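Colleague: Hi! Could you walk me through a few details of this one while I have it open?

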Amino acid sequence: MNTVKISSAKIKAAVVVPTVNVKSTSEKKGKPEFVVSTSYPDSNAPLGVSVSKFSKNHLVSSQHRLLIKGGRVVNDDGTQLADVFIEEGIIKQIGLNLVVPGGTKTIDATGKLVMPGGIDTHTHFELPFMGTKSVDDFLTGTRAAIAGGTTTILDFVIPSKEQSLLEAYAQWRERADAKVCCDYGLHAAVTTWNEQVAKDMETLTKEKGINSFKVFMAYKGVFMLQDDEIFQVFSKCRELGAIAMVHAENGSVITELEKEMSTLGITGPEGHLLSRPEKLEAEATNRAITIAEQTRCPLYVVHVMSKTAAEKVTEARLKGQVVFGEPIAASLGADGSHYFHKCWRHAAAHVMSPPLRDDATTGPYLMDLLANGSLSATGTDHCTFNANQKALGKDDFRKIPNGVNGVEDRLAVIWTKGVETGKLDVNQFVAVTSANAARIFNIYPKKGRISVGSDGDCVIWDPEAKKTISAATHNQACDFNIFEGLHCKGLPIVTIVAGKIAYENGQLNAVQGSGKYLDTTCFAEYVYQKLNKREQIREQKIQEQKIERDPYAGEVLDISKPTSGADTKSKLQGNASSGEPAAASAGFHSRPATRAGGRNLLDSSFSLSGDQWDDRNQRKTTRVHQPPGGQSKGMKLTVYGNLFPYLQLAFSFD
């Protein structure tokens, strides 16, 4: 095994971003062959690779054994100086001074970090949406992911109105299998609810390897479900051991606000933000969390875009609810001020739902919540459209296809905004970019970890490498980049997929169709261990609260027989033969009758206001000229009978 070691202590690679003469950030002319090139003073070797001579044949040669030597291995729970040996796509050894077979290809990672490849939890490749289709398919999308250090993506099966879930699943597999350059898994979206959908969900979990189902609280009339339907979906997820996912926005109110913006003459991209205020994201997030709590279902809130929505997730987690929040590269690295840009094309390129928030402090705040564990994993919601597609809404912001880029830029943006600012340490970086996602979706430690037995998906990371993000140099198919001009420090320099070098020195060597479909099984221990125990405790408490009673043996009202008005009137009038007033017979008085059967005189019907039960009876009056106590001159004494059980005296002066 013949290698040439490149000492990072003596030789530093200078990273150069090629300059391209373009008219705007959206128009590329003569895209350079290399996104990032390196120059070595004393060597022609590519960055991080210790070989005596670099050639194209070297890159495309079949690789079965690979040794990553001299790097610092970083997992979410610790860091160690160690070599990593990968054989047939699986990590076989980790340690120092490893004994490896001859013919092993060696990468010198001295001074670099060796981390698990990133897992993007949220992509939409080749998605038919709003009258068009996203421009990144499973080939360009996964190539761009690999260039950015991501080695696993999780995309969404979203059925059209005429499709069943199973038909849509088959369609997504057909689109992806022949194109993917890295491993991929699938979530499924439930856009309508009936018994057949419930059966399809069961088939997908038990036979097709899907353990997560997404509902939309937005896109009224297209994808949106009502609360009772969401309850049913969440209940089914709980039964199957799956994870419920939610796009949280109040779609009904948004529709009304969109109409209001149109009435006010606001047709540009700023109307998208103004019709989707932050409170509507927070309200829907809280509503979804409440429904999940009632169904005892784990919940994953996708693309958390605002402070208040993130706070709802945080509050639920503090109370012990199993809820996960997913900020995305866009919400961490950009903001909604772009919606007010004078250039319509620039503003429209940022349109997504929920929208980027017009608050520059939102990204740092979400990063803080990632750091303290309130938010869990990161994705991109990568769904790209070119300028001519966005122009479908040139006269009405409601028709602008929703979606932005991010799959290539996610790791660099999070490192720059998180690690370089001191908000995240390197272990937390691994947690929020791969390990947590792997645990939640039940592919850990196969993915998301550098350990013996894990897949050989690794990224060699240079904390000192720099570049400026630009649409002119990215590998994504879209003609605009929402991170245009962002200076990043900390980059992937080598990406290894299944033990093979797929990206190196700015050059992609990803093989179309080489990626595999991932079965994501249900009842992930990281998610369901607590829930299963709580369910046992809940059942015990309910049994303890159950009351054993003798069955009711009395008369039961026959509601099938109508009650006539005459019957009701007679009941209110009371028993005429007894001479008792109707109010008394109707239960007006609370004391029982005397032994003789008369009304108890200690019971009074006196009221300070309102009608009296005896108002209809004519009152008799008697003048008393010799009242008790002697005659009173100038005073007329009137005795009213029938008002009280006792005499009531009313005095009036002449």
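Colleague: Let's start with R276. Which residue does R276 form a salt bridge with?

Modeller: R276 pairs with E249, and their closest N and O atoms are 3.0 Å apart. Keep in mind that this is a predicted model.

Colleague: Where do R276 and E249 lie in the chain?

Modeller: R276 is in the loop between α7 (270-274) and α8 (278-295). E249 is in the loop between β16 (243-247) and α6 (251-263), so the pair links distant parts of the chain, 27 residues apart.

Colleague: Are they buried or exposed?

Modeller: Both R276 and E249 are buried.

Colleague: OK, and how many salt bridges are there in the whole structure?

Modeller: A search of the whole structure gives 32. One of them is between the side chains of K236 and E202, at 3.5 Å from N to O. K236 sits in helix α5 (residues 227-240) and E202 in helix α4 (residues 195-207), so this pair ties together parts 34 residues apart in sequence.

Colleague: Is K236 buried or exposed?

Modeller: K236 is buried, with a relative accessible area of 12%. Its partner E202 is partly exposed, at 26% relative accessibility.

Colleague: Now over to the strands. What do the side chains of K489 and E464 form?

Modeller: K489 and E464 meet in a salt bridge, 3.5 Å from N to O. K489 belongs to strand β20 (residues 487-497) and E464 to strand β19 (residues 458-468), so parts that are 25 residues apart in sequence are tied together. E464 is exposed, with a relative accessible area of 53%, whereas K489 is partly exposed at 27%.

Colleague: Which residues do salt bridges with shared partners join into one network?

Modeller: That network is made of D183, K446, K447, D455, D457 and K516.

Colleague: Changing topic: which residues does a cis peptide bond join?

Modeller: One cis peptide bond joins S353 and P354, with omega about -10°. P354 is in the loop between α11 (344-348) and α12 (362-371). A cis peptide bond also joins Y444 and P445, where omega is about 0°. P445 is in the loop between α15 (426-440) and β19.

Colleague: Why point those out?

Modeller: Because most peptide bonds are trans, and most residues other than glycine have a negative phi.

Colleague: On that second point, what is the phi of E126?

Modeller: E126 is not a glycine, yet its phi is positive, about 55°. E126 lies in the loop between β10 (118-123) and β11 (128-129), and it counts as buried at 10% relative accessibility. A498 also has a positive phi, near 55°, and is a residue other than glycine. A498 is in the loop between β20 and β21 (500-504) and is partly exposed, with a relative accessible area of 25%.

Colleague: Back to E126. Which side chain has a polar atom 3.0 Å from the backbone nitrogen of E126?

Modeller: That is the side chain of S134. A polar atom of the S134 side chain also lies 3.2 Å from the backbone oxygen of H124.

Colleague: And where is S134 found?

Modeller: S134 is in the loop between β12 (132-133) and α2 (138-147). S134 is buried, at 4% relative accessibility.

Colleague: Last one: what does S134 touch, not counting residues up to four places away in sequence?

Modeller: S134 touches H124, F125, E126 and L127, along with C383, T384 and F385.

Note on methods. Residues numbered from 1 in each chain as written. Predicted model: local features only at pLDDT ≥ 70, side-chain atom pairs only at ≥ 80, totals over all residues. Heavy atoms only, no water. Salt bridge = Lys/Arg side-chain N within 4 Å of Asp/Glu carboxyl O. Helix = DSSP H or I, 4+ residues; strand = E, 2+ residues; numbered from the N terminus. Buried < 20%, exposed > 50% of the residue type's maximum accessible area, 1.4 Å probe, protein only. Polar contact = N/O pair within 3.5 Å; in protein donor to acceptor, adjacent residues only side chain to side chain. Contact = heavy atoms within 4.5 Å.
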